[in-house]
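Dear colleague,

I am passing on to you the structure that follows, together with some notes on what came out of going through it. Please read the notes with the coordinates open beside them.

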Amino acid sequence: PWDSAAMLAQQGLLGIPFPEQDGGQGGTLMHAVLAIQEVAQVCPRSADIVQAGNFGPIRTFVEYATPEQKARYLPDLLAGRKLISLGMTEPDAGSAVTDLRTSARREGDHYVINGSKVFSTHSPEAALFLVYVRFGPGVQGIGSVLVDRDTPGFRIGEPSTFMNGERWSQLYLEECRIPCGNLLLGEGGFKKQIAGFNVERLGNASRALALGRYCFHQARNYALIRKQFGRELCEFQGIQWKFADMAMKLEQAQLLLYRAAMEGEHGLPTAQSTAMAKLACNMAGWEVSNEAMQVMGGLGFSQESLVEYCVRRTRGWMIAGGSVEMLKNRIAEGVFERTFSQRPPSAA
């Protein structure tokens with residue numbers, strides 16, 4: 001909702017961790033995490049807007065954009081008037097993102113882009129797209145460009161809907177010509193992009209945990225007043241144990257999230273910390289919201305409450321921004337201090 005975005009921007013809740021010279025608030029990642037969590041306790045949907053204005057592709061953009069690019073795009077993005085979307089996943093390149101095929105070739109003062117993207121959050125409404133492209137072979141050949149919505153050769157397909165109600169459109173780039181001034185990161189920029197993507201995971205983690213906590217409080221209040229067999233639900237030991245487990249999961253995940261956010265106080269947090277934080281928050285958010293729905297029974301399952309909505313939302317974040325399986329792979333690499341290729345061994 002654009003009216004909500006404008007009001008949140010007026011309150012200084014977009015661009016919290018960005019430098020003041022870029023139009024941001026000059027805060028920290030921790031400030032942005034706290035803002036998402038506090039807003040979500042009142043309105044989970046509004047927390048999405050706070051996330052979109054502090055994490056995700058806007059964070060990568062602020063980290064690596066030129067002064068001219070920032071001057072051109074940031075004022076509208078930070079005022080809640082426009083959205084930026086990430087074009088990363090392709091029909092044949094999901095978790096194996098380095099298999100992407102969308103190509104970019106230089107022709108004079110322009111780059112010509114060809115390829116397609118799927119599952120891009122906000123793509124039906126976004127005005128700007130941060131698109132991962134291939135300039136050459138291998139990981140070193142991957143970089144990114146900025147594509148305006150009305151660029152010739154750029155087409156946005158019909159919207160599809162995720163289980164959580166969010167919409168996405170397939171993106172088609174067919175001889176799409178963009179000026180060289182829209183280059184964000186050229187060849188060799190992939191590792192920088194992924195470093196920025198690690199921060200995106202904190203936004204995902206913050207919302208997952210916040211919605212789990214929202215459901216926890218809804219279910220707690222319900223258990224205090226709902227009576228069955230002449231007793232409040234909270235008096236049954238089976239219900240008490242559910243809440244003990246939920247409280248532990250939320251607090252454990254919260255600590256991992258805070259640790260990763262604090263690492264980012266003086267730079268970017270490590271991939272290991274963000275992977276642990278996202279995995280813990282994804283699992284806590286999903287398990288707690290799902291258990292809260294069980295406690296609330298028919299009311300929790302009904303759209304009369306927001307609990308079923310939170311269940312659908314948290315489930316999606318276990319896939320988006322790095323699936324829980326890929327996060328476990330990344331954590332294991334940190335444990336053993338070596339990489340483990342998921343690809344089959346090449347022929348001799």
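**Helix α7 and its packing**

The buried residues of α7 pack against three helices, namely α2 (29-40), α6 (190-225) and α8 (271-301), and please bear in mind throughout that this is a predicted model. Those buried residues of α7 are I239, F243, M246, L250, A253, Q254, L257, A260 and A261. The helix itself, which runs over residues 237-263 and so has 27 residues, reaches 40 Å from its first C-alpha to its last, close to the 39 Å expected at 1.5 Å a residue.

**The second largest pocket**

The second largest pocket holds about 440 Å³ of space, and of the 23 residues that line this pocket, P1, R45, I49, L83 and H122 are the closest to its centre. Both α1 (2-10) and α3 (44-52) supply at least two residues of the lining, with α3 giving the most, at four residues. Sorted by class, the lining of this pocket has eleven nonpolar residues, alongside six polar and six charged ones.

**The cavity**

A search of the whole structure finds one cavity of 30 Å³ or more, and the largest cavity has a volume of about 40 Å³. The largest cavity is lined by G56, P57, T60, L86, Y132, F197 and E200, a set that divides into four nonpolar, two polar and one charged. To this lining α4 (57-64) and α6 each supply at least two residues, and α6 is also one of the helices against which the buried residues of α7 pack.

With best regards

Definitions and conventions
Residues are numbered from 1 along each chain as its sequence is written. This is a predicted model: local features need pLDDT of at least 70, side-chain atom pairs count only at pLDDT 80 or more; totals for chains, interfaces and linings use all residues. Side-chain values use heavy atoms; hydrogens and water are left out. Buried means under 20% relative accessible area, exposed over 50%, partly exposed in between (1.4 Å probe, protein chains only). Contact means heavy atoms within 4.5 Å. On a 1 Å grid over the protein atoms alone, a cavity is a set of points where a 1.4 Å probe fits but cannot get out, and a pocket is an open set with protein on both sides within 12 Å along at least five of seven lines; lining residues have an atom within 4 Å of a point. Grid points are joined across faces, edges and corners, and a volume is the space filled by probe spheres set on the points. Ala, Val, Leu, Ile, Met, Phe, Trp, Tyr, Cys and Pro count as nonpolar, Asp, Glu, Lys and Arg as charged, and the others, Gly among them, as polar.
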